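Got the viewer open? Here's a short tour, one selection at a time.

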Amino acid sequence: MDTNVKRKKSTPAEIEIGRETRLELYRLQLELRYCEKRAFDLFLQNLIKGTSHLSLGQEAIAAAFGVAMRPDDYTFCTYRGHAHTLARGASMEGVLGELMGRQCGLLGGKGGSMHLTDVKKGAMGSYAIIGAHLPVAAGAAWSAQYRGTQQAAVCFFGDGTTNIGAFHEALNFSVVWKLPVIFVCENNLYMEYTPISAVTAVEHPAADRASAYGLPSIVVDGNDADAMYQVASEALSKARAGGGPSLIEAMTYRHSGHSRADPAKYRPEGELEKWLLRDPVITYRERLLKHGFNEPTLKDIEAEAMKKVDAATATAKASPLPSVDDIEKNVWADGGAAWRN
Amino acid sequence: MAELTYRDAVAAGIAQEMTRDENVVFLGEDVAGAGGVFKATVGLLDKFGPRRVRDCPISEQAILGAAMGAAMTGLRPIAEIMFSDFLAVCWDIVANEIAKSRYMTNGQISLPLVIRTANGAGSRFGAQHSQAVENWAMAIPGIKVVAPAFPADVKGLLAAAVRDPDPVLFFEQKSLYPMKGEVPDGEYVDELGKAKVLRQGKDCTIVALASMVHKSIDAAALLEKEHGIACTVIDVRSLVPLDTQTILSEVSKTGRLFTVEENPRLCGWGAEIASIVAEECFWDLDGPITRITTPHVPLPSADLLEDNTIPSVDRIVSTIRRTMG
């Protein structure tokens, strides 16, 4: 672990991570990695239009929560949300199809890369306005609390979000109402093109603000799926037990630019290379070998993951384009768009 | 029938729906313990308890975001934004999130929620507490827009809004809160998207909303009595959905249309109605469509200035007289 990544007060309890769980964490990280790489390739082939924000390098966070969460928990994420949506079990052809603007897309081509949603899987939306989904996640947590279901809401966002008002409103609100919501800041060091440190009053944009809301300051290695899994499990237990919200700052790094348009030239020389040594997928594989998993097992998982991505790609490519008749559908609950009689 | 104030009709409508459906919850600033700054929600906390009637911090994004998150997961929240001017600080949640989520997710997300807010002039609060902003909301696809003028409509349309499967922005005209009117007893639910013809005359049609309805009725009485001009007065009640059938049919009968709007001139809702009428019943018109609006200025606070900024009975009368020749 990089010694620059400090763990503050709340070191996660050493929750025993079973062998099946470890394999699941590896499998999911791989799927997210391969799928994001495929999305990038499809961009280069001009099969995906618009913009896209990849989670390459940040997969451990979404994967760990995906494994730790209950199927009926809620996820809220940002425009960088392919990984978080997939991690809840959304269909991969649905994700790639949406990116490609196909009928099989999760949103039928209405939303695109930045709005992936699969309500049946608890993926309650990807939100493209910074900060907007923090209060929405609080609302879903309120609903769970009100209905007494012990569900939790998990809300992922980037470091840049910590400087917008909705972040602070949502945190205060959630603490006062003691809501079962977990706010997960993925600190990848850059808000978009600008280093977060250049525009933020504190070193840790989320964790250093936690005390303002009476929350423990939690910084965790976001490139370590086991550490993430432990922090996630602890926060989920706290939420279900009525202990209220958590704010987690996960240190990570995106291997690509902010979006498709960004070659990330602003990064100092050597920074990417340093973080590539801590690639969450590669380091996790090494750890599994140390824990006694054998090569063939891991190779099988890798082959399966690639097969899944290939199959999803083929299905999405073969899917028809949406119908232009869909344009005026689903504005309202009656399925239509009528605003007059 | 009981006589209730517009303000009491708000609480009556909310109470009716909270009694009927356990999933209806109510949140806002100063709405529970204080009963609302306009005292429109007095008694709800006592009746339904702090689990369902909740005071919030001054965090409009959190309030509407929470309402949205609750609505998409099974509750039917009513959220209050104290003054409609404050919608500007949470407009992202209204315009980008609440209004668009169903469409963007191809129907996966349902948001049965109501945003209640005190709108409009008459209280001398100035440009940040007295605007009429219903036209802001009308411009966003995906949100219904309702603005009652009478206590009975407050109760009935509020109940309809709560039961509606889509998000509704419910504008209460703050100067009407003390106004009294007959409200049906027992469970009362109206229908969104239906305008009401309050008075019929052969010479011209006046289309109005909220407090402008009352001014239009007074103006119509004066026009008939003193100038022999007989006016139809339509209370639009709901901008989205818009009852164009009633408007087009009444304008066809009189051949003249006047809209009376409290919102500032540019892109006020009357412009949309004028455009629809011009496109769809042009050949029934006997003269130009005329909009009577607040001038395109921020609202001033002094009583003399405010009274001369928003459309008055005198201005409606003189504009109609002048235009009708």
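Two strands count as paired if DSSP finds at least two bridges between them. Keep that in mind, and remember that this is a predicted model.

**Stop 1: a strand in chain B.** Select S10(B), residues 204–208. Add strand S11 (residues 231–235) of chain B: the two run parallel, joined by 5 bridges. For one of the partners, pick Ala208(B) and look across to Asp235(B) in S11(B). To follow the chain from S10(B) to S11(B), go through helix H8 (residues 211–227) of chain B; this β-α-β crossover is right-handed.

Now show strand S13 (residues 257–264) of chain B, which also runs parallel to S10(B), with 4 bridges between them. Here Val207(B) has Thr259(B) as its bridge partner.

Which way do the S10(B) residues point? Cys204(B), Ile206(B) and Ala208(B) go one way, Thr205(B) and Val207(B) the other, and all are buried. In a regular strand, side chains alternate between the two faces of the sheet.

**Stop 2: the domains.** Colour chain B by its assigned domains, 2–183 and 196–324. Their C-alpha centres are 26 Å apart, and the contact uses 27 residues from domain 1 of chain B and 22 from domain 2 of chain B. On the domain 1 side, try helix H7 (151–163) and strand S7 (168–173) of chain B, which are among the elements supplying at least two residues each. That side splits into 15 nonpolar, 8 polar and 4 charged residues.

**Stop 3: between the chains.** Zoom out: 40 residues of chain A contact 40 of chain B. Select H5(A), which gives the largest share of chain A's side, 11 residues. The make-up of that side is 24 nonpolar, 12 polar and 4 charged.

Definitions and conventions: Residues are numbered from 1 along each chain as its sequence is written. Chains are lettered from A and ligands numbered from 1 in the order in which they are written. This is a predicted model: local features need pLDDT of at least 70, side-chain atom pairs count only at pLDDT 80 or more; totals for chains, interfaces and linings use all residues. Domain bounds come from an automatic or database domain assignment. Two residues are in contact if their C-beta atoms, placed from the backbone, lie within 7 Å. Ala, Val, Leu, Ile, Met, Phe, Trp, Tyr, Cys and Pro count as nonpolar, Asp, Glu, Lys and Arg as charged, and the others, Gly among them, as polar. A residue is buried if 20 or more other C-beta atoms lie within 10 Å of its own, exposed if 12 or fewer, and partly exposed in between; C-beta atoms are placed from the backbone. A crossover is right-handed if, with the strands pointing away from the viewer, the path from the first strand over the helix to the second runs clockwise.
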